[in-house]
Amino acid sequence: MANKATVKIYGQEYTIAGEQSEETIIKIAEYVDEKMRIISRVAGEAGQGNIGILSAINIAEEYFDALAKVEQLTTAKIKLENDSKYYLKMWEDAKQNYVKYQESMKNMESIQKEESSKIEQLQAKCSEYENAFFDLQMENIRLKSELEKSKK
């Protein structure tokens, strides 16, 4: 559905129809009118016949500058999206590595408990052997003493 607006551009009235809203059509017409008035002030009497062309060239230049800016922004957006994907992948990898690390730590804690238990058992055995060795030494000393007594 086409919208219509009656506008005044550089002193002449036009009826413009378009897909844009009436407010947007008026805004565009006001912009063109402003450009034409600026150029007419700069060009003076000598450029009065070319005001429409000069305005169109100025507006086209702005348009192409805007297109270049849009292209720059699009390129930057794509780079940012790719960077975001990269950093999200790194984040996911880091989370997976953290989970693996936690599992590894749990396994190591379990192994440490088992090894600590074995060490305690070995220490208990060592204590038993030390006591038994001490008892044997004492018995050996007693037997030597008896042997010496019996030799006399």
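**Exercise 1. Locate S150 and S145 in the chain, and classify each as buried, partly exposed or exposed.**

Solution.
Step 1. In this predicted model, S150 belongs to helix α2, the element that covers residues 51-151.
Step 2. The relative accessible area of S150 is 55%. Since the exposed class begins over 50%, S150 is exposed.
Step 3. The side chain of S150 places a polar atom 2.9 Å from the backbone oxygen of L147.
Step 4. S145 is likewise a residue of helix α2. Its relative accessibility is 33%, and S145 therefore counts as partly exposed.

**Exercise 2. Determine how far S145 lies from A43, in sequence and in space.**

Solution.
Step 1. Along the sequence, 102 residues separate S145 and A43.
Step 2. In space, the C-alpha atoms of S145 and A43 are 134 Å apart.
Step 3. For reference, the C-alpha trace of the chain spans about 150 × 40 × 15 Å along its principal axes.

**Exercise 3. State the order of the secondary structure elements, and decide whether the chain is a compact globule or more spread out.**

Solution.
Step 1. The chain contains 2 helices and 2 strands.
Step 2. Read from the N terminus, the order of these elements is β-β-α-α.
Step 3. The chain has a radius of gyration of 48 Å, whereas the globule rule gives 15 Å for 152 residues. The value for the chain is well over that of the rule, so the chain is more spread out than a compact globule.
Step 4. Two further totals describe the chain. Of its 152 residues, 9% count as buried. Among contacts with a separation of 6 or more, 23% are between residues 24 or more positions apart.

**Exercise 4. Describe the accessible surface of the chain and the placement of its charges.**

Solution.
Step 1. The accessible surface amounts to about 13,200 Å². Carbon and sulfur atoms contribute 58% of this surface.
Step 2. The chain carries 22 positive and 27 negative charges. The mean positions of the two sets are 9 Å apart.

**Exercise 5. Characterise the surroundings of S40 and D33 in helix α1.**

Solution.
Step 1. S40 is placed in helix α1, which comprises residues 22-43. D33 is also placed in helix α1.
Step 2. The cut-off for a buried residue is under 20% relative accessible area. S40 has a relative accessible area of 14% and is therefore buried. D33, at 14% relative accessibility, counts as buried too.
Step 3. A polar atom of the S40 side chain lies 2.9 Å from the backbone oxygen of R37.
Step 4. With neighbours within four places in sequence set aside, S40 is in contact with Y10, Q48 and I51. Under the same exclusion, the contacts of D33 are K8, I9, Y10 and G11.
Step 5. Y10 thus appears in the contact list of S40 and in that of D33.

**Exercise 6. Where is Y10 found, and what is notable about the sign of its phi value?**

Solution.
Step 1. Y10 is found in the loop that joins β1 (3-9) to β2 (12-18).
Step 2. Phi of Y10 is near 50°. This is a positive value in a residue other than glycine.
Step 3. With a relative accessible area of 29%, Y10 is partly exposed.

**Exercise 7. Describe the position of S21 and the partner of its side chain.**

Solution.
Step 1. S21 lies in the loop between β2 and α1.
Step 2. At 28% relative accessibility, S21 counts as partly exposed.
Step 3. The side chains of S21 and T24 make a polar contact at 2.9 Å.
Step 4. S21 and N3 are 18 residues apart along the chain, and their C-alpha atoms are separated by 6.1 Å.

Terms used. Residues are numbered from 1 along each chain as its sequence is written. This is a predicted model: local features need pLDDT of at least 70, side-chain atom pairs count only at pLDDT 80 or more; totals for chains, interfaces and linings use all residues. Side-chain values use heavy atoms; hydrogens and water are left out. Helices (H or I, at least four residues) and strands (E, at least two) are DSSP runs, numbered from the N terminus. Buried means under 20% relative accessible area, exposed over 50%, partly exposed in between (1.4 Å probe, protein chains only). A polar contact is a pair of N or O atoms within 3.5 Å; within protein, one must be able to donate a hydrogen and the other to accept it, and residues adjacent in sequence count only if both atoms are side-chain atoms. Contact means heavy atoms within 4.5 Å. The radius of gyration is taken over C-alpha atoms; the globule rule is 2.2 Å times the number of residues to the power 0.38. Accessible areas come from the Shrake-Rupley method with a 1.4 Å probe; for residues, only the protein chains shown count as cover. Lys and Arg count as positive and Asp and Glu as negative; His and the chain ends are not counted. The place of a charge is taken as NZ of Lys, CZ of Arg, CG of Asp or CD of Glu.
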